[in-house]
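Biologist: I would like to learn how to read the empty space in a model and the surroundings of a ligand. Can we go through one case step by step?

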Amino acid sequence: MEIKVNRLDRGYSKYKNEYESKALEILRSGWYVLGPEVNNFENEFADFIGAKYCVGLASGLDSLWLAFKILGIKEGDEVIVQGNTYIASVMGITINGATPIFVEPDQYNNIDTEKIECKISDRTKAILVVHLYGQASNMDKILQLCKKYNLKLVEDCAQAHGAKYKGKMVGSFGDIGCFSFYPSKNLGAFGDGGAIVTNDEEINRLMRIYRNYGSEKRYYNMVVGANSRLDELQAGLLRVKLTHLNDINQERSYIANRYLEEIKNENILLPKILEEATTVWHQFVIHTHRRKELIEYLESNNINTLIHYPIPPHLSEAYKYLGYKKGDLPITEKYANEVLSLPMYNGMTDKEISYVVSNVNNFK
Ligand SMILES: Cc1ncc(COP(=O)(O)O)c(C=O)c1O
């Protein structure tokens with residue numbers, strides 16, 4: 001048996017007829033960018049998250065940098081973010097010329113909220129909370145700090161469509177919630193896509209301007225914007241997928257629960273979930289001190305794995321200019337050496353799950 005770390009074809013097959021008829025409908029409509037499908041998707045996704053507005057964009061990265069741009073974050077400003085995130089979170093900050101201030105992660109792989117306050121300075125303007133691997137972060141403490149220091153709150157929900165903290169959806173806590181619809185995401189499109197959600201009418205208005213060359217009225221450009229529009233095809237297909245998102249997340253939860261119950265190996269630390277939070281299992285991430293050997297063992301049994309992420313942003317070449325060196329963020333760096341994502345995809349069969357479990361358990 002061969003197990004890939006992800007199988008997007010399986011997720012597609014399950015709702016194949018619905019996707020194909022929607023795609024044909026849009027292709028035949030003659031309307032391909034910012035039309036009725038985008039409008040409907042924006043309304044439906046805002047409803048799903050429990051926010052007033054949603055603005056469709058071209059990618060998750062665009063949602064982040066445009067969010068900070070609209071909040072007025074610029075050179076000289078600092079934004080707090082966890083050290084062990086995907087680098088796009090950090091790029092959302094630095095594209096605007098602002099400086100990321102890294103905070104170490106907790107045992108749930110999210111920002112350690114006890115370590116934020118000591119990093120807040122006069123220059124701190126915002127916190128970017130990342131709900132990593134699908135799990136909601138500890139929002140009570142973060143909201144309290146934002147209030148105390150008058151900070152903006154942006155949520156990176158690229159991996160967490162549908163995750164909740166104390167029953168409330170991620171994306172609905174901050175000034176702006178940012179989403180990616182990259183194909184492998186739980187709510188993934190069939191190409192690139194992204195969105196922001198917000199309860200603020202002015203942010204909604206500005207985001208619509210910024211995504212369209214800074215223009216509200218055709219050929220009248222107020223600001224230097226971007227071309228970051230969700231297209232009709234992606235929006236229509238996302239509408240189909242959104243109607244199944246609860247089932248999609250449920251199925252991932254089933255796979256994760258089998259892993260959690262059946263994987264028994266002293267070399268492996270299984271993921272933990274914060275009591276008040278839920279996870280939508282974007283990734284099933286274990287920690288192990290023997291990662292290289294485990295990868296090789298699983299590979300020799302035709303099981304693929306991935307590392308999310310091997311190089312933390314502060315040590316990446318792109319951020320050399322920030323002046324960090326190895327050892328500056330010991331927990332983040334430890335996680336980068338320990339984490340491993342096991343295969344997790346919609347349409348994974350019981351036989352495939354059992355094959356992964358038995359091989360992981362056989363690793364000595
Ligand atoms: C945490 C996180 N933030 C941001 C992004 C960027 O999203 P996109 O690939 O749609 O630009 C991703 C995904 O790639 C991500 O995982």
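Modeller: What follows is a short walk through the pockets, the cavities and the ligand of this predicted model.

Biologist: How does one find empty space among so many atoms, and what is the volume of the largest pocket here?

Modeller: Rolling a probe the size of a water molecule over the atoms shows where empty space is left. In this structure the largest pocket holds about 530 Å³ of space. Its lining is made of 30 residues, and Tyr 86, Tyr 182, Ser 184, Lys 185 and Tyr 309 are the ones nearest the centre of the pocket. Two elements, α4 and α5, each give two or more residues to that lining, and α4 has the largest share, with 3 residues.

Biologist: What is the make-up of the pocket lining by class?

Modeller: The lining of the largest pocket counts 13 nonpolar, 13 polar and 4 charged residues.

Biologist: Where does the ligand sit?

Modeller: The ligand sits in the largest pocket. Two elements, α4 (60-70) and α5 (87-94), give two or more residues to the shell around the ligand. The largest share again comes from α4, which supplies 3 residues of this shell.

Biologist: How many residues surround the ligand, and which are the closest?

Modeller: The ligand is surrounded by 15 residues, and Gly 60, Asp 156, Gln 159, Ser 180 and Lys 185 are the closest. By class, this shell has 7 nonpolar, 6 polar and 2 charged residues.

Biologist: Which polar atoms lie 2.7 Å, 2.8 Å or 2.9 Å from the ligand?

Modeller: For each pair, check which atom belongs to the backbone and which to a side chain. In Asp 156, a side-chain N or O atom is 2.7 Å from a nitrogen atom of the ligand. For Leu 61, a backbone N or O atom lies 2.9 Å from a ligand oxygen atom. A polar atom in the side chain of Gln 159 is 2.8 Å from an oxygen atom of the ligand. Taken alone, the ligand exposes 380 Å², and the protein buries 90% of that area.

Biologist: How many cavities of 30 Å³ or more are there, and which residues line the largest?

Modeller: The structure has 2 cavities of that volume or more, and the largest contains about 80 Å³ of space. Among the residues lining the largest cavity are Asn 84, Tyr 133, His 308, Tyr 309 and Tyr 335. Helix α11 (residues 330-338) gives the most to this lining, namely 3 residues. By class, the lining of the largest cavity has 6 nonpolar, 4 polar and no charged residues.

Methods: Residues numbered from 1 in each chain as written. Predicted model: local features only at pLDDT ≥ 70, side-chain atom pairs only at ≥ 80, totals over all residues. Heavy atoms only, no water. Near = heavy atom within 4 Å. Polar contact = N/O pair within 3.5 Å; in protein donor to acceptor, adjacent residues only side chain to side chain. Areas by Shrake-Rupley, 256 points an atom, 1.4 Å probe, with all protein chains shown as cover. 1 Å grid on protein atoms, 1.4 Å probe; cavity = no way out; pocket = protein on both sides within 12 Å on 5 of 7 lines; lining within 4 Å. Sits in = over half its atoms within 2 Å of the grid points. Helix = DSSP H or I, 4+ residues; strand = E, 2+ residues; numbered from the N terminus. Nonpolar A, V, L, I, M, F, W, Y, C, P; charged D, E, K, R; others polar. Points joined across faces, edges and corners; volume = space filled by probe spheres on them.
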